[in-house]
Amino acid sequence: MSILLALLIFSALVIVHELGHFLLAKKNGITVTEFSVGMGPRLLSHEWGGTRYSLKLLPFGGSCMMVGEEEESDEEGSFGSKSVGARIAVIAAGPVFNFLLAFLLSLVIVSCVGYDDTVVDVTPGYPAAQAGMQDGDRIVRMGGSRTWLYREISLFNSLYQGQKAEVTYRRGGEEHTVLLTPVLGEDGFYRYGFEKTGERTKGTIMQTVGYSMAELRYWLKATMESLLKLVQGQVGLDDMSGPVGIVDAIGETYEESRTDGWYYVMLNMFMMAILLSVNLGVMNLLPIPALDGGRLVFLLIEAVRGKALPQEKESMVHFLGFVLLMGFMVVVLLNDIRHLFLK
């Protein structure tokens, strides 16, 4: 079941990503030769409006093939014949659609089960209580960043274990700011001395929309902070998950949820899809050759220079980037398998 669920989630994320490219290409008059769902040999296909729509054998992934996307072409409707702004919009649309999907799924979750606000209970004897914080205080800022969800507070504590933090909380309409130094608990985890109060909160329609945006913001922040830790060398290969690790995580989430019923299985799968969709969007925007971000770099250079770099040079850079990316993915995959056998 975990493999099936993973295939469904991965496929949905890739199809939405490619749909972004497709819709913006069509809007800008770029000829799309084929839009496909799945990979491999075609099972079904139909040509309509100059585009072949295909359902392929392997039930994962998808593609949007445009004229002149990978090679120079003077043909009307080719990718290269459009303005640099139009091409930037087409390339950026894939990641943007992943973020849009994450927001829509967040909207479903927040509508169904509410949001985790930042009202806290304070533990006696810990730094928060000693600084004057009380049960029912709402934390509105931590470490210089606005907080909407309690998970943002948990994320800060996880990423910056043992570090002092400036905390701003609201009580009775007034805001107060304190500087807290966490203390080491018996479980080996540094704590400031507060924890979330009660269950998730349901709000008005406007609050639901706002906190759905906060959900998206949280996952974007968590992804970016994790990438920064990786670049800084504070996160290693053992802290990363590739395809096998993700499938395993989906399987564990499914097993933990199914005793509560399919309703909670669905919500937890949506949560996994939000995490993966945001990660896919962010990773694709990184300035790495062969990814959308790498292509955007070349388009931005073209916008500054006023002319494109030679196509063959750009293609070579993307090819080398693809080879290195595949090599990295193999390393991550092997590490995933090693962790699986060590469990």
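Contact is defined here as heavy atoms within 4.5 Å. The model is predicted: local features need pLDDT of at least 70, side-chain atom pairs count only at pLDDT 80 or more, and totals for chains, interfaces and linings use all residues. Residues are numbered from 1 along each chain as its sequence is written, and side-chain values use heavy atoms, with hydrogens and water left out.

The chain holds nine helices and 10 strands. Both are DSSP runs numbered from the N terminus: helices are H or I with at least four residues, strands are E with at least two. The C-alpha trace spans about 70 × 50 × 45 Å along its principal axes. Of the 343 residues, 40% count as buried. Buried means under 20% relative accessible area, exposed means over 50%, and partly exposed lies in between (1.4 Å probe, protein chains only). Among contacts with a separation of 6 or more, 66% come from residues 24 or more positions apart.

The exposed area of the chain is about 18400 Å². Carbon and sulfur atoms supply 63% of that area. Areas follow the Shrake-Rupley method with a 1.4 Å probe; for residues, only the protein chains shown count as cover. The chain carries 28 positive and 37 negative charges, and their mean positions are 4 Å apart. Lys and Arg count as positive, Asp and Glu as negative; His and the chain ends are not counted. Each charge is placed at NZ of Lys, CZ of Arg, CG of Asp or CD of Glu.

Helix H4 (residues 150–159) packs with helix H5 (residues 205–231) at an angle of about 10°. Their axes are 10 Å apart. H4 is therefore roughly parallel to H5. On H4, the contact is made by Arg151, Glu152, Leu155 and Leu159. On H5, the residues involved include Tyr218, Trp219, Ala222 and Lys229. Axes are lines fitted to C-alpha atoms, for helices over the stretch in contact, and angles run from 0 to 180 degrees between N-to-C directions. Angles under 35 degrees count as roughly parallel, over 145 as roughly antiparallel, 65 to 115 as roughly perpendicular and the rest as oblique.

Two buried residues were examined individually. Asn98 sits in helix H2 (residues 84–113). Its relative accessible area is 0%, so Asn98 is buried. Beyond residues up to four places away in sequence, Asn98 touches Leu13, Val16, His17, Ser277, Leu280 and Gly281. Phe194 belongs to strand E10 (residues 194–196). Phe194 counts as buried because its relative accessibility is 10%. Its C-alpha lies 4.4 Å from that of Val122, although the two residues are 72 apart in sequence. Leaving aside neighbours within four places, Phe194 contacts Val120, Asp121, Val122, Ala128, Met133, Ile139, Met142, Tyr150, Ile153 and Leu180.

Other residues are more open to the probe by these cut-offs. Leu179 is in strand E7 (residues 174–180). With a relative accessible area of 57%, Leu179 is exposed. Outside its neighbours within four places in sequence, Leu179 is in contact with Lys164, Ala165 and Glu166. The C-alpha atoms of Leu179 and Arg305 are separated by 48 Å, with their positions 126 residues apart along the chain.

Arg141 is in strand E4 (residues 138–142). Arg141 is partly exposed, at 36% relative accessible area. Not counting residues up to four places away, Arg141 touches Arg146, Thr147, Glu166, Val167 and Thr168. Pro124 is 17 residues from Arg141 in sequence, and their C-alpha atoms are 22 Å apart.

Ala290 lies in the loop between helix H7 (262–285) and helix H8 (292–305). Ala290 is not a glycine, yet its phi is positive, at about 85°. Its relative accessible area of 32% makes Ala290 partly exposed.
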